[in-house]
Each structure stands twice: as C-alpha cells, then as structure tokens.
Amino acid sequence: MIGLLCQSAIGDSADSEFLLNSEQREPSVENIFTWDAVAKAHNAKPGEQDIGFEFRFHNKTGSEVQIKRADSSCGCTIARLPKLPWTIMAGQKGSIPITMDIRGKTGVITKTVVLVTDQGLIPLTPRASIGAASAPPKQRPSDE
C-alpha cells in the first residue's frame, strides 16, 4: 500500500490547495477532523536539511476519534505522533508534526502521510521546493 502513496514531483495532483508552510489559518478543511490544510508547501532555503510541517486540526465530529498509525510514502518523511492509539476527544484541538529530510534532493518533492483512524483514512501532503525550483522564474529581456 505504501508504494501506491508515492507521488512524483511531476505527477502530483494539480487540484490540491497547498497552504504555504509559513501561513497559519483556523481549521476549515473537512476530512474526519477539520484541518487548517491537508496539503502544505515550503520553499527551502539554501542549507536547509529538515523541513518541519505542522498540520493543525479540530475534532468537530461530536465523538472521539482514534489515530491508529501514520503511513508515509517514504522514509524521508515522518509523522511524529504520541503513543498509539492516540485518542482525540470530541472538541479537542491538536496538530500533527511532519518532518521531511531533503538532504541531497532538488526540485519539487511531494510526499504523502496517511493517518489511519477508526473513522477512515486522512492523507496529509507536505511539499518542498528545493534549489532552482524554489527560486522565482527569471524575467526574459524584451526583444525591442
């Protein structure tokens, strides 16, 4: 199943809304919990090796939800969860910290971490732009 979760930099879904990693907003995206975003993007700075993403949630389901595990599309991207199963009570807020190791990588890297809960699956998608992909496009001089 993990192999099916891999997404290449070229083949990832264009219809996902990525929240910049530096931005914060109140949870508004529904997927079992209410999330600030289920996809976050970060433009890496020279020398960065590990990028931290924080996916904030609010349990508005009216009942408790158990997170049983987190499956990552590769070993370079890891969700840091407390002791499992992690029970999120109705009304509780929290966050899922995810770390992506970008050492030796360039381009746009998109990974998926799937939270397995007793209510279903929640895919979270961190994306990093590294090297030339993180720089703004250069302006071409006009041919006048």
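Is T117 buried or exposed? The first view of this predicted model takes up that residue.

**View 1. T117 sits in strand 11.** This strand covers residues 113-117. T117 is buried, because its relative accessibility is 7% and the cut-off for buried is under 20%. Leaving aside residues up to four places away in sequence, T117 touches I32, V65, Q66, I67, K68 and I122.

**View 2. The side chain of T117 makes two backbone approaches.** The backbone nitrogen of Q119 is reached at 2.9 Å. The backbone oxygen of G120 is reached at 2.7 Å. Both partners are backbone atoms, one a nitrogen and one an oxygen. On the T117 side, it is the side chain that takes part each time.

**View 3. I32, a contact of T117, has a positive phi.** I32 lies in the loop between strand 2 (29-31) and strand 3 (33-35). Its phi is near 65°. That is a positive value in a residue other than glycine. I32 counts as partly exposed because its relative accessible area is 23%, and that class runs from 20% to 50%.

**View 4. A cis peptide bond joins L84 to P85.** Its omega is near -5°. P85 belongs to the loop between strand 7 (77-79) and strand 8 (86-88). From P85 to T117 the C-alpha distance is 8.8 Å. In sequence, T117 and P85 are 32 residues apart.

**View 5. Two cysteines, C74 and C76, fall in two burial classes.** What is the relative accessibility of C74? The value is 22%, so C74 counts as partly exposed. C76 has a relative accessible area of 13% and is therefore buried. The dividing value between these two classes is 20%. How many disulfides does a search of the whole structure find? The search finds zero.

**View 6. Confidence varies along the protein chain.** The mean pLDDT of the chain is 82. Of its residues, 76% reach 70 or more. Over residues 1-15 the pLDDT is below 50. Beyond near neighbours in sequence, this stretch has 18 contacts in the model. Residues 135-144 also have pLDDT below 50. How many contacts does that stretch have beyond near neighbours in sequence? For residues 135-144 the model shows zero.

Technical notes: Residues numbered from 1 in each chain as written. Predicted model: local features only at pLDDT ≥ 70, side-chain atom pairs only at ≥ 80, totals over all residues. Heavy atoms only, no water. Disulfide = S-S within 2.5 Å. Buried < 20%, exposed > 50% of the residue type's maximum accessible area, 1.4 Å probe, protein only. Helix = DSSP H or I, 4+ residues; strand = E, 2+ residues; numbered from the N terminus. pLDDT = per-residue confidence, 0-100. Contact = heavy atoms within 4.5 Å. Polar contact = N/O pair within 3.5 Å; in protein donor to acceptor, adjacent residues only side chain to side chain.
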